[in-house]
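Trainee: Could we walk through this structure together? I would like to practise reading it step by step.

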Amino acid sequence: MTREDRTPALPPLLDALTDVAGIRVGHAEAAGANALSGTTVVLAPEGGAVAAVDVRGGGPGTRETDALDPRNLVQRVDAVVLTGGSAYGLDAASGVMAWLEEQGRGVRVGAGPTQVVPVVPAAALFDLGRGG
């Protein structure tokens, strides 16, 4: 038996973000026939992932992106939220933070298993008035 015979087969690459080991992606769309908005969550593996950001535009809708400045304490993110809904959509990150807290994932701030602050930067597109 050769070494190649013992190596488990890797799943096929899809040329997608989920080709990166440990990265999970979820997406939800706004309900309604004319609604043209949604939210995507990129979930880092346990322990987080290194991230960076470049915020541009005349009215950026962001949350926690300043935490990614390399001069700051934050070294890893637990998830990233990309959403529609303008400033209203940024609140989707609150739900992601709540789930991560339940899982005990985030920056430790105490001895308890859920005494963490998940790091979840978010960015929103202005898509209000485009349907629903």
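Trainee: Let's start with one residue. In which helix is the place of serine 86?

Mentor: Good place to begin, and keep in mind that this is a predicted model. Most residues other than glycine have a negative phi. Serine 86, which is not a glycine, has a positive phi near 55°. Its place is in the helix that covers residues 86-89, namely H2.

Trainee: Glutamate 64 has a positive phi too, although it is not a glycine. Is glutamate 64 buried, partly exposed or exposed?

Mentor: Let's locate it before we judge it: glutamate 64 lies in the loop between E3 and E4, and its phi is about 65°. Buried would need under 20% relative accessible area, and exposed would need over 50%. Glutamate 64 has 44% relative accessibility, so it counts as partly exposed.

Trainee: Threonine 65 is in the loop between E3 and E4 as well. Is threonine 65 buried or exposed?

Mentor: Look at its surroundings: threonine 65 touches Val53, Val55, Pro121 and Ala122, leaving aside residues up to four places away in sequence. Its side chain also makes a polar contact with the side chain of threonine 62, at 3.4 Å. With the cut-off for buried at under 20%, a relative accessibility of 10% means that threonine 65 counts as buried.

Trainee: And arginine 71, is it buried or exposed?

Mentor: Arginine 71 also lies in the loop between E3 and E4. Its side chain makes a polar contact with the side chain of aspartate 69, at 2.5 Å. The cut-off for exposed is over 50%, and arginine 71 has a relative accessible area of 73%, so arginine 71 is exposed.

Trainee: Now the sheet. Which strands are its edge strands?

Mentor: Start from the order of this open sheet of 5 strands, which is E1-E2-E4-E7-E3, with mixed pairing. An edge strand here pairs on one side only. That applies to the strands covering 24-29 and 61-63, which are E1 and E3.

Trainee: Which residue stands opposite threonine 39 in E4?

Mentor: Let's follow the pairs across the sheet. E1 and E2 pair in the antiparallel sense over 6 bridges, with alanine 28 opposite threonine 39 in E2. E2 is then joined to E4 by 5 bridges, again antiparallel. There, the residue opposite threonine 39 is threonine 83.

Trainee: At the other edge, which residue in E7 stands opposite threonine 62?

Mentor: Begin with the two strands: E3 and E7, the latter covering residues 122-124, are paired in the antiparallel sense. Their pairing has 3 bridges. In E7, the residue opposite threonine 62 is alanine 123.

Trainee: Which element gives the most residues to the largest nonpolar core?

Mentor: In soluble globular proteins, nonpolar side chains tend to be buried together. Here the largest nonpolar core has 10 residues, including Leu43, Val81, Val96 and Val120, and the elements that give two or more residues to it are E4, H3 and E7. With 3 residues, the one that gives the most is H3.

Trainee: At about what angle does H3 run to E4?

Mentor: Picture H3, residues 92-102, lying across E2, E3, E4 and E7. One residue to look for is valine 96, which touches Val41, Ala79, Val81 and Val120, not counting residues up to four places away in sequence. Relative to E4, H3 runs at about 155°.

Notes. Residues numbered from 1 in each chain as written. Predicted model: local features only at pLDDT ≥ 70, side-chain atom pairs only at ≥ 80, totals over all residues. Heavy atoms only, no water. Pairing = 2+ DSSP bridges. Helix = DSSP H or I, 4+ residues; strand = E, 2+ residues; numbered from the N terminus. Contact = heavy atoms within 4.5 Å. Axes fitted to C-alpha atoms, helices over the stretch in contact; angles between N-to-C directions. Buried < 20%, exposed > 50% of the residue type's maximum accessible area, 1.4 Å probe, protein only. Polar contact = N/O pair within 3.5 Å; in protein donor to acceptor, adjacent residues only side chain to side chain. Core = buried A, V, L, I, M, F, W, Y, C linked by side-chain atoms within 4.5 Å.
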